[in-house]
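Biologist: Please take a close look at one part of this model for me: the places where its pieces meet. Keep it plain, and take it step by step.

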Amino acid sequence: MAMLSENEHPVKAFGWAARDSSGHLSPFKFSRRAIEEKDVTFKVLYCGICHSDLHNVKNEWGITSYPVIPGHEIVGVVTEVGTKVTKFKVGDKVGIGCMVGSCHSCANCKDNLENYCPKMILTYGTKYYDGTITHGGYSDIMVSDEHFVIKIPDNLPLDGGAPLLCAGITVYSPLKYYGLDKAGMHLGVVGLGGLGHMAVKFAKAMGLKVTIISTSPNKKEEAVDHLGADGFLVSRNIEEMQSAMDTMDGIIDTVSAVHALLPLIGLLKTNGKLVMVGAPEKPLELPVLPLLLGRKIVGGSGIGGIKETQEMIDFAAKHNIVADIEVIPMDYVNTAMERLLKADVKYRFVIDIANSLKPI
Amino acid sequence: MAKSPDQEHPCKAFGWAARDKSGLLSPLCFSRRENGDEDVTIKILFCGVCHSDLHVAKNEWGFTNYPVVPGHEMVGTVMKVGSDVKKFKVGERVGVGVIVGSCKKCESCQQDLENYCPQTIFTYNSHYTDGTKTYGGYSDMIVVDERYVLRFPDNLPLEGGAPLLCAGITVYSPMKYYGMTEPGKHLGVAGLGGLGHVAVKMGKAFGLKVTVISSSPKKETEAIERLGADSFLVTSDPAKMKAALGTMDYIIDTVSAVHPLLPLLSLLKLNGKLVTVGLPDKPLELPIFPLVLGRKLVGGSDIGGMKETQEMLDFCAKHGIAADVEVIQMDYINTAMERLAKSDVRYRFVIDVASSLSQ
């Protein structure tokens, strides 16, 4: 008989888990491994709610193994360090994003691209080296290999900083990799949610002109007045879209629903780049002629390596970039998930773990 | 009333044209403009038959303006130069490719990317700056602004060199732009026709390992023994495709039919690049997960600018690269077009215009 989660490991832990594909979360007793020489234990203070958490708890990708404790935008304070830990000490403010392990020996790991390691271990829902399943940040403590722990600079607010650990790196990495990080360039951002609003903030900090492309005209004021976007295009407005053709150096597309690529490709200048960071589960239609005629590309990107994640956090701290959040208590999480499904949040829910996660 | 083709301009010219969407070509008397100050008049010796010629002759893209004289892979000798011409003299061997004009002022033109100019004038089936139609290389002579004429290297064979003016630059340009030139890296070439076979030769000249990816096994011996490919992958062989997963740094996709992209994307390593130079007539299905999970990209490319086309010709001359051709007489052209539609050619027809085009 499979061991009960709370007896798997020696350190008692408590969180909220989904137990079936209804995705409904509820209190859950489990356990964390004993700290090893390279591990860091930290008390979780906040955890962001990423849309991936919702996909996972409902088993929308078909890979969920229940019970699952989601959460991969985790921040907290170090309570214990292993004997060989060099980067952290007790009391440090730290965070963990989407990964807690990788092979450390493949070419990708050696290139600081742990996110592309074929043996990469996700923060939740994946088998760890000891065969047990990893549990995420909707919980009171985390134990993690220091390699995957990110230092949070003192001046970065923890609650608004938590979403950077997934949403932030997910947009920062492609801006750098695809060269869409130079002052004066014109960037389009499709979709104004958790990822989209972070893309606007990072791009503005890098000196780019930013235009948001959205299906909802009612987000315009917010986008321009509050987030600092330079322009706003309603994707269904054919005239607006046509007048903006051939104006953008790149587009970050955060939309996960199936949608048309042709109008977006048309917005790009020659040599322009359309970068997908949302992952629709069905293929999209790719019109080939526009790619050829403008030497344009459609590329993808998925989170980022640890080194780059730290670089992103430091950049955010330097430029005072945090997510726009709605802080919620743990027991609001199911309502939050329902609202997230309807995109009813500006722009990330963050669970106040420390003050609201109470063991049963 | 519009003037007839043979009266539009002062210089008599003769070629073969398609007159309707049957695509059948037959003799046409037409005319070329007076050689202007910046123009070069060229006697055409050979002209390659590009698949685009077939598409346009049959109006498959819906914008053919009949009668159309196709041909944008031509080589010949200079007969006359205008008073401001600096780069060429009478008697020199030259080539003309896909474009004969552009605006010369936009950002693309200023960066030697005339092929991306919004006002590109194509060698045939376009309108020139004087409003008249352009006619291509299935003809005895052509008058071209010197900016769009290429110097044809002495040691390149005329027949084998002609197809480089479209097929050659079409694969050379993306290989440079997308960085497919690092010796030791692994290039896949999907499709082994006019474009594909030149890509194999250029890939080898760049020092790459080259794998031909094809839907049929019958070209394997040819690909390896004659073209020098290192390996050959049949897309319908699941075991071989599985073994090749994640092994290629880049793929040049020359296939024009609608085809699945997922198997090709799966062959790429992390950060791999799939560059499409073929033109399917319908959109392709693009799965996004492989792009996100492997930071891969799909890109396009369209011929190349004049400077780069010259660079490509010089590169081919240096490395002994020419197309594999079947030289034909002008009056074989309709049969050649039928065979081309069935990919029955290794790998480009080239018309011996000078010897066989007679009124």
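**Where the pieces meet**

Modeller: Start inside chain B, with β4(B) and strand β5 (residues 93-96) of chain B, which run antiparallel and are joined by four bridges. Keep in mind that this is a predicted model. One of the pairs to look for is B:G76, whose bridge partner in β5(B) is B:V94.

Now turn to another partner of β4(B). Strand β3 (residues 39-49) of chain B pairs with strand β4 (residues 74-81) of chain B over seven bridges, again in the antiparallel sense. Here B:V40 is the residue to find; B:V81 in β4(B) stands opposite B:V40. In a regular strand, side chains alternate between the two faces of the sheet.

Next, step back to the domains of chain B. The domain assignment gives domain 1 (11-166 + 304-357) and domain 2 (167-300). Domain 1 is therefore written as two stretches of the chain, as the assignment sets the bounds. The centres of the two domains of chain B, taken over C-alpha atoms, are 27 Å apart.

How many residues of each domain are in contact in chain B? Domain 1 of chain B brings 21 residues, and domain 2 of chain B brings 21 residues. Together they bury about 1900 Å², with 58% of it on carbon and sulfur atoms. On the domain 1 side, B:F315, B:R346 and B:Y347 lose the most area to domain 2 of chain B. Together these three account for 31% of what that side buries.

Charge plays a part in this contact too. The rule finds four salt bridges across the interface of domain 1 and domain 2 of chain B. One salt bridge to look for in chain B joins B:E311 to B:K176, with the closest N and O atoms 3.5 Å apart. That pair counts because the cut-off for a salt bridge is within 4 Å. The rule also finds 16 residue pairs in polar contact across this interface, with both residues at pLDDT 80 or more. Which element gives the most to the domain 1 side? Helix α10 (residues 306-319) of chain B does, with seven residues. By class, that side of domain 1 of chain B has twelve nonpolar, three polar and six charged residues.

Now go to the domains of chain A. Chain A is divided into domain 1 (11-166 + 323-352) and domain 2 (167-300). Their centres, over C-alpha atoms, are separated by 28 Å. The contact takes eleven residues from domain 1 of chain A and 15 residues from domain 2 of chain A. The buried area is about 1100 Å², and carbon and sulfur atoms give 50% of it.

Count the salt bridges here. The rule finds one across the interface of domain 1 and domain 2 of chain A. Look also at A:K201, which forms a salt bridge with A:D324; their closest N and O atoms are 2.6 Å apart. Polar contacts come to twelve residue pairs across this interface, both residues at pLDDT 80 or more. The side of domain 1 of chain A that touches domain 2 of chain A has six nonpolar, no polar and five charged residues.

Last comes the meeting of the two chains. Chain A gives 34 residues to the contact and chain B gives 33 residues. About 2900 Å² is buried between chain A and chain B, 68% of it on carbon and sulfur atoms. In chain A, the residues that lose the most area to chain B are A:Y177, A:L292 and A:R295, together 26% of what that side buries.

How many salt bridges link chain A and chain B? The count is zero. There are, however, eight residue pairs in polar contact between the chains, both residues at pLDDT 80 or more. On the chain A side, the elements that give two or more residues are α4 (167-177), β14 (268-276), β15 (284-286), α9 (288-294) and β16 (297-300) of chain A. Of these, α9(A) gives the most, with six residues. The residues of that side divide into 20 nonpolar, ten polar and four charged.

Finish at the strands that link the chains. β15(A) and strand β15 (residues 284-286) of chain B run antiparallel, joined by three bridges. Find A:E285 there: B:E285 in β15(B) stands opposite A:E285.

Notes:
Residues numbered from 1 in each chain as written. Chains lettered and ligands numbered in written order. Predicted model: local features only at pLDDT ≥ 70, side-chain atom pairs only at ≥ 80, totals over all residues. Heavy atoms only, no water. Contact = heavy atoms within 4.5 Å. Buried area = accessible area lost by both parts, 1.4 Å probe. Salt bridge = Lys/Arg side-chain N within 4 Å of Asp/Glu carboxyl O. Polar contact = N/O pair within 3.5 Å; in protein donor to acceptor, adjacent residues only side chain to side chain. Nonpolar A, V, L, I, M, F, W, Y, C, P; charged D, E, K, R; others polar. Pairing = 2+ DSSP bridges.
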